[in-house]
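Let's take a look inside a protein, starting with one strand and then moving on to the empty spaces. Keep the 3D view open while you read.

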Amino acid sequence: MMNNLANQISHFKHEIEKTAFFEVVGNVSRINGVLIEVKGLNAPIGAVCEIDNDGRRIMAQVVGFEEDILFLMPEHATHGIQPHDPVTLKSKELFVPVGHALLGRVVDGSGVPLDDEGDLAGAEWVSLSTTAINPLHRKPISEPLDVGVRALNSLLTIGVGQRIGLFAGSGVGKSVLLGMLTQFAEADMIVLGLIGERGREVQEFIRDHIGAAKHKSVVVAAPADESPYHRLQGAFYATRIAEYFRAQGKTVLLLMDSLTRVAQAKRELALALGEMPASRGFPPSVFQTLPQLVERAGNDRQGGSITALYTVLAEGDDLQDPVVDCARAILDGHIVLSRQLAERAHYPAIDIEASISRVMNKVLPKSALEKAKKLRILLSHYAANEDFIKLGVYQEGKDQLLDEAIKKMPKIKAFLQQADDEKVTLEACSAKLDEILK
């Protein structure tokens, strides 16, 4: 009874807050690419407006202005909008649904269900925007998160509250690894932001990779055919859902695929607003937006956490791409997927030498760190001499460390490979490392 009353109060509060107390109507004056120009209406950045197109209601958000002209970005296509269509201010900020009602559901970047399972009964409505956490109010990262993947648990251990990047080109097993993390990670809630992906891939990921974790997962899907603002909004909405659960003291895993598509959506929007391109066509505001998104993850003072993994598409396997370079600087580590390993059917195709977890030394005991260091040394020494070994130039006995690496390499390679339906705990990983290194 009390829960129903609280939900009703939350709903009424949302309706009151989003309602303009006096109605001011503007008109569409021009459509410039993806932007709608409106005259006669005064509204702040982020305000939600409604365009009346012969009875069809089109929602749009204020993204910029110039003197008395507002620039609006519609949620969907501009098809059918006519000159002088009336535009009404509906709310000075965007409200979105959050809460347990979203668990097991698939929604778009505005919180509209996509899964034909009915309305989000009992959802709470909150503002999409929040204030940043004081960096001194964050709980330090001190505990490991068991993600069920041997290579990550052992050599790239992820801490509860860490933000880490998954750098990969196309077709190297990125989606499969995300699916493994979704099913195996020891998290209370999982929020997946599928931003800018093909519609087919969204459907396949939900069908093939979420599995038994569906009951504790929320999927926010803003595919490639959505407007750039809707895709950008989808990324912030997924983060807002994760923040809601964190505030309840939950351990949340936020998986966002991909940060590159978020950057591209922001680029489209910024260029449409007239911002000049800087680094490989990306305007400066792109590199301001990415930290604003990423910094919302992490731990809070009350004990809740958002451990976030952002995929970053390395176009043409270029790890010096501007978005890749920016992500490396603002994240707490990176996992690199190698095309060479994928071509050898080595899955997950994690390049251990090129990857790093910057909090691993804070979440594992010294003994575990020593074992990880020893395995890394063996891998690195073998890789540096692999050509000599394959050509038969190297003679056994000349390098004791290399002899050990050659002897143990079959077991090491087997250890780093894992089937997508096989879960391996932190404890099991440690025991297996002991067996390999003894």
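A quick definition before we start: a residue counts as buried when its relative accessible area is under 20%. Also keep in mind that this is a predicted model.

**A strand on the inside**

How many of the residues of strand β5 (residues 69-74) are buried? The count is 6 of the 6, so β5 is largely enclosed by the rest of the structure. You can check this face by face. On one side of β5 sit I69, F71 and M73, and on the other sit L70, L72 and P74; all of them are buried, so to speak covering both faces.

**The neighbours of β5**

Which strands does β5 pair with? Strand β2 (residues 35-39) is joined to β5 by 4 bridges, and the two run antiparallel. Within this pairing, K39 has I69 of β5 as its bridge partner.

Strand β4 (residues 56-66) is also antiparallel to β5, with 6 bridges joining them. Here, G64 stands opposite F71 in β5. β4 and β5 form a hairpin with 2 residues between the strands, and in that hairpin E67 takes a positive phi near 55°.

**The empty spaces**

Now for the gaps. Rolling a probe the size of a water molecule over the atoms shows where empty space is left. In this structure there are 2 cavities of 30 Å³ or more. Here they are next to each other:

| Cavity | Volume | Lining residues by type |
|---|---|---|
| Largest | about 70 Å³ | 7 nonpolar, 3 polar, 1 charged |
| Second largest | about 40 Å³ | 7 nonpolar, 1 polar, no charged |

Which residues line the largest cavity? They are V48, M59, A60, Q61, M73, P74, E75, L94, Y229, H230 and Q233. Our strand turns up again here: β4, β5 and α5 (228-247) each supply at least two residues of this lining. M73 and P74 are among the lining residues, and they are also buried residues from opposite sides of β5.

The second largest cavity has its own set of lining residues: L145, V147, I158, L181, L253, L255, T307 and L309. Which strands each supply at least two residues of that lining? Those are β13 (251-257) and β15 (305-313).

**Putting it together**

To recap, β5 is paired with β2 through 4 bridges and with β4 through 6 bridges. Both of its faces are covered, and β5 also helps to line the largest cavity.

Key. Residues numbered from 1 in each chain as written. Predicted model: local features only at pLDDT ≥ 70, side-chain atom pairs only at ≥ 80, totals over all residues. Heavy atoms only, no water. Buried < 20%, exposed > 50% of the residue type's maximum accessible area, 1.4 Å probe, protein only. Pairing = 2+ DSSP bridges. 1 Å grid on protein atoms, 1.4 Å probe; cavity = no way out; pocket = protein on both sides within 12 Å on 5 of 7 lines; lining within 4 Å. Points joined across faces, edges and corners; volume = space filled by probe spheres on them. Nonpolar A, V, L, I, M, F, W, Y, C, P; charged D, E, K, R; others polar.
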